[in-house]
Amino acid sequence: MTQAYFIYVIQCRDGRLYTGITTDMERRFAEHSGGKKGAKFTRANPPEKILAVWSCDSRSDALKLECAVKKLKRPQKLLLVSDKEFLSEKFGIEYAKKYEIRYKT
């Protein structure tokens with residue numbers, strides 16, 4: 001059985017967005033919220049909520065999507081979260097088929 005990987009976008013209290021990957025979303029959000037094991041960015045900018053989570057079957061695919069999302073400007077990230085068609089429009093339909101959105105606020 002292969003392990004699922006999740007790419008996520010969280011909103012911090014100051015409104016900034018943070019993108020990362022994990023195999024356990026609940027654990028990772030708790031780590032970001034708790035401080036010590038959270039990313040340096042989220043220690044300085046505490047997370048407020050999860051905006052979106054995508055799943056994929058391989059770590060390689062997860063890293064590719066994480067890298068692509070991190071290159072987006074804030075307005076594009078917000079569009080990615082709010083518009084299910086944006087992923088395929090921005091990166092192509094074959095790319096978008098690899099990723100399934102799991103959670104969206």
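These are legends for a set of close-up views of a predicted model.

Local features need pLDDT of at least 70 and side-chain atom pairs count only at pLDDT 80 or more, while totals for chains, interfaces and linings use all residues. Residues are numbered from 1 along each chain as its sequence is written, and side-chain values use heavy atoms, with hydrogens and water left out.

**View 1. The whole chain, from end to end.** Six helices and four strands make up the set of elements here (DSSP runs: H or I of at least four residues for helices, E of at least two for strands, numbered from the N terminus). Starting at the N terminus, they go β-β-α-α-β-α-α-α-α-β. Of the 105 residues, 46% are buried (buried is under 20% relative accessible area, exposed over 50%, partly exposed in between, with a 1.4 Å probe and protein chains only). Take the contacts between residues at least 6 apart in sequence, and 60% of them join residues at least 24 apart (a contact is heavy atoms within 4.5 Å).

**View 2. The largest nonpolar core.** This one has 16 residues, and those with the most contacts inside it are Ile-7, Val-9, Trp-54, Leu-65, Leu-80 and Val-81. (A nonpolar core is a set of buried Ala, Val, Leu, Ile, Met, Phe, Trp, Tyr and Cys residues joined through side-chain atoms within 4.5 Å.) Two or more residues come from each of β1 (5–12), β3 (47–56), α3 (59–70), α4 (74–82) and α5 (86–91). β3 chips in the largest share, four residues. Apart from this core sits another, of nine residues, including Phe-6, Tyr-18, Met-25 and Ile-50.

**View 3. Helix α1 and what packs over it.** In α1 (residues 25–34), the buried residues are Met-25, Arg-28, Phe-29, Glu-31 and His-32. Down the helix axis they fall within an arc of 155°, so they line one face (the arc is that of the directions from the axis to the C-beta atoms). Over on the other side of α1, Glu-26 and Gly-34 are exposed. The cover for the buried residues of α1 includes β1, β2 (17–22), α2 (40–44) and β3.

**View 4. The start of α1.** Here a side-chain oxygen of Asp-24 comes to within 3.3 Å of the backbone nitrogen of Glu-26.

**View 5. Helix α3, one face in.** Asp-61, Ala-62, Leu-65, Glu-66, Ala-68 and Val-69 are buried in α3. Looking down the axis of α3, these buried residues stay within an arc of 165°, so they line one face of the helix. At 1.5 Å a residue, the 12 residues of α3 should span 16 Å, and the end C-alpha atoms are indeed 16 Å apart (the expected span is 1.5 Å times one less than the number of residues).

Technical notes
A polar contact is a pair of N or O atoms within 3.5 Å; within protein, one must be able to donate a hydrogen and the other to accept it, and residues adjacent in sequence count only if both atoms are side-chain atoms.
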